[in-house]
Amino acid sequence: MPLDQRARRAAELARRDPLRARDAAAIARDSGASLRTLARLFRDETGLGFGAWRQRARLLHALGALADGASVTAAGLGAGYAGTSAFVSAFRRETGVT
(Lines give C-alpha, C1' and ligand atoms only; values in the text may rest on other atoms or scores of the structure.)
Protein backbone atom coordinates (compact mmCIF):
# COMPACT_ATOMS: atom_id res chain seq x y z
CA MET A 1 0.00 0.00 0.00
CA PRO A 2 1.27 3.47 -0.80
CA LEU A 3 2.08 5.85 2.03
CA ASP A 4 1.09 9.17 0.47
CA GLN A 5 -2.38 10.15 1.71
CA ARG A 6 -3.79 10.75 -1.78
CA ALA A 7 -2.39 7.50 -3.15
CA ARG A 8 -3.59 5.56 -0.10
CA ARG A 9 -7.09 7.02 -0.51
CA ALA A 10 -7.04 5.98 -4.19
CA ALA A 11 -5.87 2.49 -3.22
CA GLU A 12 -8.66 2.14 -0.66
CA LEU A 13 -11.25 3.30 -3.18
CA ALA A 14 -10.00 0.76 -5.73
CA ARG A 15 -9.88 -2.07 -3.19
CA ARG A 16 -13.27 -1.32 -1.67
CA ASP A 17 -15.10 -1.16 -4.99
CA PRO A 18 -13.44 -3.19 -7.75
CA LEU A 19 -16.17 -2.27 -10.23
CA ARG A 20 -15.25 1.36 -9.74
CA ALA A 21 -11.56 0.53 -10.08
CA ARG A 22 -12.08 0.53 -13.85
CA ASP A 23 -12.58 4.32 -13.75
CA ALA A 24 -9.14 5.70 -12.94
CA ALA A 25 -10.21 9.31 -13.54
CA ALA A 26 -12.99 9.08 -10.94
CA ILE A 27 -10.67 7.51 -8.40
CA ALA A 28 -8.07 10.22 -9.01
CA ARG A 29 -10.67 12.95 -8.65
CA ASP A 30 -12.05 11.49 -5.42
CA SER A 31 -8.59 11.02 -3.96
CA GLY A 32 -7.60 14.64 -4.58
CA ALA A 33 -4.87 13.96 -7.12
CA SER A 34 -4.46 13.95 -10.87
CA LEU A 35 -3.96 10.72 -12.77
CA ARG A 36 -0.42 11.79 -13.50
CA THR A 37 0.29 12.38 -9.80
CA LEU A 38 -1.20 9.01 -8.84
CA ALA A 39 0.87 7.28 -11.53
CA ARG A 40 4.04 8.86 -10.14
CA LEU A 41 3.15 8.17 -6.50
CA PHE A 42 2.22 4.55 -7.12
CA ARG A 43 5.35 3.89 -9.17
CA ASP A 44 7.57 5.53 -6.53
CA GLU A 45 5.89 3.92 -3.52
CA THR A 46 4.79 0.48 -4.75
CA GLY A 47 6.95 -0.19 -7.79
CA LEU A 48 3.81 -0.50 -9.94
CA GLY A 49 2.02 2.06 -12.04
CA PHE A 50 -1.48 2.98 -10.92
CA GLY A 51 -3.07 0.91 -13.69
CA ALA A 52 -1.05 -2.19 -12.83
CA TRP A 53 -1.80 -1.73 -9.13
CA ARG A 54 -5.55 -1.45 -9.84
CA GLN A 55 -5.38 -4.55 -12.03
CA ARG A 56 -3.78 -6.55 -9.23
CA ALA A 57 -6.30 -5.25 -6.70
CA ARG A 58 -9.13 -6.43 -8.97
CA LEU A 59 -7.48 -9.84 -9.39
CA LEU A 60 -7.03 -10.20 -5.63
CA HIS A 61 -10.71 -9.44 -5.17
CA ALA A 62 -11.56 -12.13 -7.73
CA LEU A 63 -9.20 -14.62 -6.06
CA GLY A 64 -11.05 -14.12 -2.79
CA ALA A 65 -14.35 -14.76 -4.52
CA LEU A 66 -12.98 -17.92 -6.17
CA ALA A 67 -11.67 -19.14 -2.81
CA ASP A 68 -15.16 -18.62 -1.39
CA GLY A 69 -16.61 -20.86 -4.11
CA ALA A 70 -17.76 -18.33 -6.70
CA SER A 71 -17.77 -19.38 -10.34
CA VAL A 72 -15.11 -17.98 -12.64
CA THR A 73 -17.76 -15.87 -14.35
CA ALA A 74 -19.14 -14.47 -11.08
CA ALA A 75 -15.65 -13.75 -9.73
CA GLY A 76 -14.63 -11.94 -12.91
CA LEU A 77 -17.79 -9.89 -13.19
CA GLY A 78 -17.65 -9.04 -9.48
CA ALA A 79 -14.12 -7.74 -9.95
CA GLY A 80 -15.19 -5.50 -12.81
CA TYR A 81 -14.15 -7.49 -15.86
CA ALA A 82 -16.38 -7.19 -18.92
CA GLY A 83 -16.75 -10.94 -19.24
CA THR A 84 -15.30 -14.33 -18.45
CA SER A 85 -12.75 -14.28 -21.28
CA ALA A 86 -11.43 -10.86 -20.22
CA PHE A 87 -11.03 -12.09 -16.66
CA VAL A 88 -9.37 -15.37 -17.68
CA SER A 89 -6.97 -13.50 -19.96
CA ALA A 90 -5.99 -11.02 -17.22
CA PHE A 91 -5.68 -13.81 -14.68
CA ARG A 92 -3.43 -15.88 -16.97
CA ARG A 93 -1.30 -12.83 -17.81
CA GLU A 94 -0.67 -12.09 -14.12
CA THR A 95 -0.44 -15.59 -12.68
CA GLY A 96 0.65 -17.73 -15.60
CA VAL A 97 -2.21 -20.19 -15.06
CA THR A 98 -5.85 -20.34 -16.08
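**View 1. Ala11 lies in helix α1.** In this predicted model, the residue at the centre of the view has a relative accessibility of 0%, and because buried means under 20% relative accessible area, Ala11 counts as buried. Leaving aside residues up to four places away in sequence, Ala11 touches Met1, Pro2, Phe42 and Trp53. Of these partners, Trp53 is itself among the buried residues of α4.

**View 2. Ala11 and Arg54 are brought together across the sequence, with 7.7 Å between their C-alpha atoms.** The two residues are 43 residues apart in sequence, and while Ala11 belongs to helix α1, Arg54 is one of the buried residues of α4. For the protein chain as a whole, among contacts between residues at least 6 apart in sequence, 47% join residues at least 24 apart.

**View 3. Helix α4 covers residues 50–67.** This helix has 18 residues and reaches 26 Å from its first C-alpha to its last, which is close to the 26 Å expected at 1.5 Å a residue. After α4 comes Gly69, a residue whose phi is positive, near 100°.

**View 4. The buried residues of α4 pack against five other helices, namely α1, α2, α3, α5 and α6.** The residues of α4 that are buried are Phe50, Trp53, Arg54, Gln55, Ala57, Arg58, Leu59 and Ala62. Their packing partners are α1 (5–16), α2 (24–31) and α3 (35–46), together with α5 (72–78) and α6 (84–95).

**View 5. The protein chain as a whole has six helices and zero strands.** Read from the N terminus on, its elements run α-α-α-α-α-α. The C-alpha atoms of the chain fill a box of roughly 35 × 25 × 20 Å, taken along the principal axes. A compact globule of 98 residues would have a radius of gyration near 13 Å, and the 13 Å of the protein chain therefore agrees with that expectation.

**View 6. The surface and the charges of the protein chain complete the set, with an accessible surface of about 5,500 Å².** Of this surface, 51% belongs to carbon and sulfur atoms, while buried residues make up 38% of the 98 residues in the chain. The protein chain carries 16 positive and 9 negative charges, and the mean positions of these two groups are 4 Å apart.

How values were computed
Residues numbered from 1 in each chain as written. Predicted model: local features only at pLDDT ≥ 70, side-chain atom pairs only at ≥ 80, totals over all residues. Heavy atoms only, no water. Helix = DSSP H or I, 4+ residues; strand = E, 2+ residues; numbered from the N terminus. Rg over C-alpha atoms; globule rule 2.2 N^0.38 Å. Buried < 20%, exposed > 50% of the residue type's maximum accessible area, 1.4 Å probe, protein only. Contact = heavy atoms within 4.5 Å. Areas by Shrake-Rupley, 256 points an atom, 1.4 Å probe, with all protein chains shown as cover. Lys, Arg positive; Asp, Glu negative; His and termini not counted. Charge placed at Lys NZ, Arg CZ, Asp CG, Glu CD. Expected span 1.5 Å × (residues − 1).
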